[in-house]
Amino acid sequence: MRVRRLGFAAVKGTRHLSRPLVQLTADGPEGDRRYAVADPATGRVLRTVDHPALARVEAEVEDGLLRLRLPDGTVLVGPAEADEADAFGAAGGGTVEGDYWGRPATLRPLDGSHDAALTAYLGRPATVVATERGAVVWGAPVSLVTTGELDRLAGRLRAAGATVPAALDERFRATVTLEADRDPEPGSRLRVGAAVVEVVGRIDRCAVIDADPTTGLRDSRVLRHLEPRDGLPVFGVDARVVTPGSVRVGDPGTPERAAH
């Protein structure tokens, strides 16, 4: 096994960008989903499946600034740190109790530098917020897909007369794409680069994988060709970090014996 691709999105739901190196901490990839976009009236985190245009925005954090690049090339720049003196326009507080798929999520609004242009782009009110670690992550913090499972999925699509999307693995937004024939089994441990992860389970999928990440348009029927598990479409596995460390593209992946 070898690492083919690494990636994450600094802002939940934005473009899942390839990375040459990812630092896995005890809480997951450093910088992954550190921010989200929320409805300023309700605190509800916007879902990519409902707002696919969000997936065309590229987010990067550098030198204390959060940069959002819109599809037309416009770059929105503002402080990456939350505004401790304001909570969705109300003086004082600094945090609000938001909502992520029905789960409570503590959100800390930024200074609003990105909000007007992002609202215009999405066509609905939107504000950028900082999140607590794991607050907008549905399962375990690290996700893995394998080239073998991707190849079998592509085969099922071809057999059904469907087009195989380019960069199929990017649609699954995995932290790690491994060159391996099969997904590691739940409960197994894997050393990738300097880190060790333990597989938790299969990942339930939604219709966001049917959208082209470069256009935000639904151009395929990938979801219907996933193999179900307990009645739900699943693909890839999620994992927790056992030993923090850096992972680089090209690093080997080797099974690790669990401690007893």
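This is a short talk on the pockets, the strand pairings and one buried arginine in a predicted model.

Okay, thanks everyone. Keep in mind as we go that we're looking at a prediction. I'll start with the pockets.

The largest pocket holds about 810 Å³ of space. Its lining counts 33 residues, and the ones nearest the centre are Lys12, Arg33, Tyr100, Trp138 and Arg205. If you want to find the pocket by secondary structure, look at strand E1 (2–8), strand E14 (142–146) and strand E17 (195–204), the elements that each put two or more residues into the lining. E17 gives the most, with 3 residues. And what sort of residues line the largest pocket, by class? The split is 16 nonpolar, 7 polar and 10 charged.

Now the second largest pocket, which comes in at about 240 Å³. Its lining includes Glu149, Arg156, Arg182, Asp183 and Glu185, and further along the chain you get Arg202, Glu227, Arg229 and Phe235, among others. Helix H2 (147–159), strand E18 (228–229) and strand E19 (232–243) are the elements giving two or more residues here. E19 has the largest share, 3 residues. The class count for this lining is 3 nonpolar, 1 polar and 8 charged.

So much for pockets; on to the sheets. A bit of background: strands in a sheet pair through backbone hydrogen bonds, and they can do that parallel or antiparallel.

One open sheet here has 3 strands in the order E6-E7-E8, and the pairing is antiparallel. Strand E6 (58–62) and strand E8 (75–79) sit at the edges, each pairing on one side only. Going from one strand to the next, the twist averages 20°. If you zoom in on E6 and strand E7 (residues 65–69), you'll find 5 bridges between them. Which residue of E7 stands opposite Glu60? That's Arg67.

There's another open sheet of 3 strands, ordered E4-E3-E20, and the pairing there is antiparallel too. Its edge strands are E4 (28–29) and E20 (245–248). Strand E3 (residues 21–25) is joined to E4 by 2 bridges, and Leu24 in that pair faces Pro29.

Next, follow the chain through E11, E12 and E13. Strand E11 (residues 96–100) and strand E12 (residues 103–109) run antiparallel with 5 bridges, and Gly98 sits across from Ala105 in E12. The two strands make a hairpin with 2 residues between them, and Trp101 in that hairpin has a positive phi near 50°. E12 is also paired with E13, again antiparallel, this time over 3 bridges. Leu107 has Thr131 in E13 as its bridge partner.

That brings me to the residue I'd like you to click on last, Arg124. You'll find Arg124 in the loop between helix H1 (115–122) and strand E13 (127–131). Is Arg124 buried or exposed? Its relative accessibility is 19%, and the cut-off for buried is under 20%, so Arg124 counts as buried. What does its side chain reach? There's a polar contact of 2.5 Å between the side chains of Arg124 and Asp39.

To recap: two pockets, of about 810 Å³ and about 240 Å³, a pair of open three-strand sheets, and a buried arginine in a loop with Asp39 as a side-chain contact. That's it from me.

Methods:
Residues are numbered from 1 along each chain as its sequence is written. This is a predicted model: local features need pLDDT of at least 70, side-chain atom pairs count only at pLDDT 80 or more; totals for chains, interfaces and linings use all residues. Side-chain values use heavy atoms; hydrogens and water are left out. On a 1 Å grid over the protein atoms alone, a cavity is a set of points where a 1.4 Å probe fits but cannot get out, and a pocket is an open set with protein on both sides within 12 Å along at least five of seven lines; lining residues have an atom within 4 Å of a point. Grid points are joined across faces, edges and corners, and a volume is the space filled by probe spheres set on the points. Helices (H or I, at least four residues) and strands (E, at least two) are DSSP runs, numbered from the N terminus. Ala, Val, Leu, Ile, Met, Phe, Trp, Tyr, Cys and Pro count as nonpolar, Asp, Glu, Lys and Arg as charged, and the others, Gly among them, as polar. Two strands pair if DSSP finds at least two bridges between them. Axes are lines fitted to C-alpha atoms, for helices over the stretch in contact, and angles run from 0 to 180 degrees between N-to-C directions. Buried means under 20% relative accessible area, exposed over 50%, partly exposed in between (1.4 Å probe, protein chains only). A polar contact is a pair of N or O atoms within 3.5 Å; within protein, one must be able to donate a hydrogen and the other to accept it, and residues adjacent in sequence count only if both atoms are side-chain atoms.
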